[in-house]
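Open your viewer, find the selection box, and get ready to click along. We will go from stop to stop, choosing something to select and looking at what is there.

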Amino acid sequence: MAAEIVNPRSDIPTPGAAGVNNTDEPFDPAFALHRGGKMAVQSTVPIRDKDDLSLAYTPGVAKVCSAIADQPELVHDYTWKSQVVAVVTDGTAVLGLGDIGPEASLPVMEGKAILFKQFGGVDAVPLALATTDVDEIVDTVVRLAPSFGGVNLEDISAPRCFEIERKLQERLDIPVFHDDQHGTAVVTLAALRNAAKLSGRSLGELRGVISGAGAAGVAIAKFLLEAGIGDVAVADRKGIVSKDRDDLTEVKRELAELTNRAGITGSLETALAGADVFIGVSGGTVPEPAVASMAPGAFVFAMANPNPEVHPEIAHKYASVVATGRSDYPNQINNVLAFPGIFAGALQVRASRITEGMKIAAAKALADVVGDELAADFVIPSPFDERVAPAVTAAVAAAARAEGVARR
């Protein structure tokens with residue numbers, strides 16, 4: 001049974017709906033829940049008397065510090081380092097709100113941190129940085145890294161997020177994971193594996209179309225190709241990302257080389273004709289005739305929040321499996337299914353990084369949780385399924401050992 005959660009700062013006034021202390025404003029439960037923040041630091045050891053104090057702090061702590069100075073790897077055993085993740089953002093792409101700045105991002109980062117704890121048993125600390133410069137962000141995180149066992153990059157706008165992640169991975173020997181990219185990709189692959197299984201097809205038989213060439217769209221495309229999908233095309237606001245376009249960024253040029261083996265040009269609607277899979281991570285609305293033009297038994301994963309690119313009622317007319325990013329419809333593609341277990345597994349074996357193999361193992365484990373319950377409205381488990389985090393954790397830890405990145 002979960003312990004009762006008590007807000008120690010309950011004396012702070014609760015704002016109304018407008019976020020101000022105005023008694024005329026209607027009560028807003030969101031403000032009430034966030035009052036004083038959603039996190040607090042809690043000791044794991046008692047300090048009841050002078051003996052406890054002398055062990056927890058001076059002089060006892062000096063022995064531990066000296067031991068770590070002599071053998072740096074002992075930091076994992078005698079501090080929280082191997083159990084804590086830094087959740088890092090610059091506030092430029094926050095949860096559908098866009099560039100709202102570091103202070104305004106904190107409620108989301110606190111939320112991410114408590115999801116780490118609730119669903120993966122991993123402690124996490126939100127770090128909202130007052131800079132959007134790539135090198136300043138990288139240098140800041142590198143300097144903070146000795147305190148953490150891993151880094152979860154969050155809500156950083158594309159294309160900077162790609163460069164920040166790459167540079168941090170090059171400079172650090174702890175896992176660096178941009179959840180907007182890879183968490184989304186892992187859960188999407190898990191759902192797609194089960195949708196394909198339900199229809200009696202393999203991933204290699206499927207042609208997919210992704211709407212959105214931002215962080216999530218790029219990562220999903222690359223990950224599906226790594227997992228063996230037959231083909232996938234990605235569309236941005238100007239149409240299909242293809243080699244014939246001369247307006248592509250460096251990231252999209254690379255994407256054009258990897259994707260769209262069929263050589264489709266033109267609009268998203270053109271690409272959807274005969275496609276087996278639609279994956280939406282962009283917002284906007286896909287016209288119903290375009291959905292109707294997809295192959296029989298197609299899958300529609302319309303994940304924009306709060307308004308899916310294809311409304312489920314329309315999607316169900318033409319698709320055999322429908323998924324969204326919303327909790328009020330079946331088959332929710334929710335990153336919380338992936339990132340807590342991925343980090344828990346990586347930290348458990350003190351992995352130096354998170355590999356493609358570890359992410360694929362996470363997706364397979366997540367898909368396998370569904371088991372014999374597989375159905376059109378159940379291709380992905382609920383975040384509250386207690387089997388999820390242990391399954392993902394174990395799979396990621398095993399994959400880390402197999403790939404040679406585990407250090408214990």
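The tour below visits strands, helices, a few aromatic rings and two single residues.

**Before we start**

This is a predicted model, in which local features need pLDDT of at least 70 and side-chain atom pairs count only at pLDDT 80 or more, while totals for chains, interfaces and linings use all residues. Residues are numbered from 1 along each chain as its sequence is written, and side-chain values use heavy atoms, with hydrogens and water left out. The labels H and S stand for helices (H or I, at least four residues) and strands (E, at least two), which are DSSP runs numbered from the N terminus.

**Stop 1: the open sheet**

Select S5 to S10. These six strands form an open sheet in the order S7-S6-S5-S8-S9-S10, with mixed pairing; two strands pair if DSSP finds at least two bridges between them. At the edges are strand S7 (239-240) and S10, each of which pairs on one side only. In general, strands of a sheet pair through backbone hydrogen bonds, either parallel or antiparallel.

For an antiparallel example, pick strand S6 (residues 231-236), which pairs with S7 over two bridges. Show Asp236 and you will find its bridge partner in S7, Gly239. Now add helix H8 (residues 179-199), which packs on the sheet and touches S8, S9 and S10. Contact here means heavy atoms within 4.5 Å. The direction of H8 makes about 160° with that of S9; axes are lines fitted to C-alpha atoms, for helices over the stretch in contact, and angles run from 0 to 180 degrees between N-to-C directions.

**Stop 2: strand S9**

Is strand S9 (residues 298-302) enclosed or open? Five of its five residues are buried, so S9 is largely enclosed by the rest of the structure. Buried means under 20% relative accessible area, exposed over 50%, and partly exposed in between (1.4 Å probe, protein chains only).

In a regular strand the side chains alternate between the two faces of the sheet. Turn on side chains to see this: Ala298, Val300 and Ala302 point one way from S9, and Phe299 and Phe301 the other way.

Next, look at the neighbours. Strand S8 (residues 277-280) pairs with S9 in the parallel sense over four bridges, and Phe278 stands opposite Val300. Strand S10 (residues 319-324) also runs parallel to S9, joined to S9 by five bridges, and here Ala298 stands opposite Ala319. Add helix H13 (residues 312-318): S9, H13 and S10 make a right-handed β-α-β unit. Right-handed means that, with the strands pointing away from the viewer, the path from the first strand over the helix to the second runs clockwise.

**Stop 3: Ser211**

Select Ser211, which is found in strand S5 (residues 207-211). At 8% relative accessibility, Ser211 counts as buried. Not counting residues up to four places away in sequence, Ser211 touches Ala235, Leu268, Phe278, Ile279, Gly280, Val281 and Ser282.

**Stop 4: strand S3**

Move to strand S3 (residues 150-153). Gly150 and Asn152 point one way and Val151 and Leu153 the other way, and all are buried. Strand S1 (residues 84-89) runs parallel to S3 and is joined to S3 by four bridges; Val87 has Asn152 as its bridge partner. Strand S4 (residues 176-178) is parallel to S3 too, with three bridges, and there Asn152 is partnered by Phe177. The chain crosses from S3 through H7 to S4 in a right-handed β-α-β crossover.

**Stop 5: aromatic rings**

How many aromatic pairs are there? The count comes to four, where rings of Phe, Tyr and Trp (its six-membered ring) pair if their centres lie within 6.5 Å; planes under 30 degrees apart count as stacked, over 60 as edge-to-face and the rest as tilted. Select Phe116 and Phe343, an edge-to-face pair at 5.4 Å centre to centre with 75° between the planes. The pair links distant parts of the chain, with Phe116 in helix H5 (residues 102-120) and Phe343 in helix H14 (residues 339-348), 227 residues apart. Phe116 is buried at 0% relative accessibility, and Phe343 is buried at 0% as well. Add Phe177 and Phe339 to see the cluster that ring pairs make with Phe116 and Phe343.

**Last stop: Phe378**

Finish at Phe378, in the loop between helix H15 (356-370) and helix H16 (388-402). Phe378 touches Asn331, Val370 and Glu373, not counting residues up to four places away in sequence.
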